[in-house]
Amino acid sequence: MFSLTCSELFGLLQMGDSAFPIGGFSFSAGLEGAVAEGMVASVDDLEQYTRATLWNAARADAIAALEAYRAIGKSRLELLPTIEARLMELKLPPEARTATLRMGSRLAALVRQTSPSPLVARWGEMVDSGALHPSLPIAQAIAAALSDVGEVGLFALHLYGTASMVLGASLRLMRGVSHVATQRILGSLAPLVGQLYELYGSATIEQMSGFAPLLDVAASLHERGTSRLFMN
């Protein structure tokens, strides 16, 4: 059974808080397109869509975050561009690339402003030189290394943020979806997150996968939409 220390848990709660200013509320992970086309029309549909989103995140972004975290722990920051390039190759919809880069950029700016250190300085130099984009998983790995949340905490953090993004968007997109319903769904996802960590917590970048037809179609529909609440 995995456990976090008090300080690790505190750092994790800070990064996972809805007030954390990285812009996750601006994106819907394709949910807006799925709702507009009737692909997601009920609370049960929403739960299944959220679960699919977590599976996709666990097999790609979360692995990238963990691999980056391990590279940072070994002082091998030169490995980060390779990890990030592999991740971006798997993101077929432009919307998915935009989301990870914009949220990563905001998190990078926040970390650089609030947590100056030799690690952050070196990472900042790589970003400023263009050697590395501030994608969200890499930025989360840097923040996790500074906050001592560990690999388990980092994995949970990324998936919690992903689920929160989808469920938060649903409150603005779907009639009949309440805060109580989204919290019920969020609570039901905890066992799945544990299962996903068991499956992918030790995976390498070579094992990352971006195969997610439902999510890619939803994102494509959103990109072609003429009326949007969320960024694409």
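Helices in this description are DSSP runs of H or I with at least four residues, numbered from the N terminus. The structure is a predicted model. In that numbering, E84 belongs to helix α5. With a relative accessibility of 4%, E84 falls under the 20% limit and therefore counts as buried. The C-alpha atom of E84 lies 7.1 Å from that of A64, although 20 residues separate the two in sequence.

Helix α5, which spans residues 80-90, also holds both partners of a salt bridge, E89 and R86. The closest nitrogen and oxygen atoms of this pair are 3.8 Å apart, and the two residues are three positions apart in the sequence, about one turn of the helix. Their accessibilities fall into separate classes: E89 is exposed at 55%, whereas R86 is partly exposed at 25%.

Salt bridges with shared partners join a further set of residues, E47, R51 and R184, into one network. Across the whole structure, a search returns nine salt bridges. Within the network, the side chains of R51 and E47 meet with a nitrogen-to-oxygen distance of 3.3 Å. This contact is internal to helix α3 (residues 43-59), where R51 and E47 are four residues apart, about one turn of the helix. E47 has a relative accessible area of 12% and is therefore buried. R51, at 22% relative accessibility, is partly exposed. E47 also forms a salt bridge with R184, and here the closest N and O atoms are 3.5 Å apart. In contrast to a contact within one helix, this pair links distant parts of the chain, with E47 in helix α3 and R184 in helix α10, 137 residues apart. R184 has a relative accessible area of 42% and so counts as partly exposed. The network thus has a buried acidic residue, E47, bridged to R51 and to R184.

Helix α10 (179-188) also contributes to the second largest pocket, as one of the elements that give two or more residues to the pocket lining. The other such elements are α1, α9 (150-173) and α11 (190-200). The volume of this pocket is about 260 Å³. Its lining consists of 14 residues, and those nearest the centre are A156, L157, L159, Y160 and V193. Helix α9 makes the greatest contribution to the lining of the second largest pocket, with five residues. Sorted by class, the lining has twelve nonpolar residues and two polar ones, and no charged residue is present.

Nonpolar side chains also occur at the surface, where L4, L9 and L13 form a patch. Together these three leucines have about 260 Å² of accessible area. L4 is located in the segment that precedes α1 (6-16). The relative accessibility of L4 is 32%, which means that L4 is classed as partly exposed.

Two residues were examined for their backbone geometry. Most residues other than glycine have a negative phi. A29 has a positive phi, near 55°, and is placed in the loop between α1 and α2 (31-36). The relative accessible area of A29 is 25%, so A29 is partly exposed. S75 also has a positive phi, near 60°, and is likewise a residue other than glycine. S75 lies in the loop that connects α4 (61-73) and α5. At 52% relative accessibility, S75 is above the 50% limit and therefore counts as exposed.

The loop that follows α5, between this helix and α6 (94-114), contains P93. P93 has a relative accessibility of 9% and is therefore buried. The C-alpha atoms of P93 and S117 are separated by 35 Å, with their positions 24 residues apart along the chain.

Methods
Residues numbered from 1 in each chain as written. Predicted model: local features only at pLDDT ≥ 70, side-chain atom pairs only at ≥ 80, totals over all residues. Heavy atoms only, no water. Patch = residues over 30% accessible without salt bridge, like charges linked within 9 Å, V, L, I, M, F, W, Y side chains within 5 Å. Areas by Shrake-Rupley, 256 points an atom, 1.4 Å probe, with all protein chains shown as cover. Salt bridge = Lys/Arg side-chain N within 4 Å of Asp/Glu carboxyl O. Buried < 20%, exposed > 50% of the residue type's maximum accessible area, 1.4 Å probe, protein only. 1 Å grid on protein atoms, 1.4 Å probe; cavity = no way out; pocket = protein on both sides within 12 Å on 5 of 7 lines; lining within 4 Å. Points joined across faces, edges and corners; volume = space filled by probe spheres on them. Nonpolar A, V, L, I, M, F, W, Y, C, P; charged D, E, K, R; others polar.
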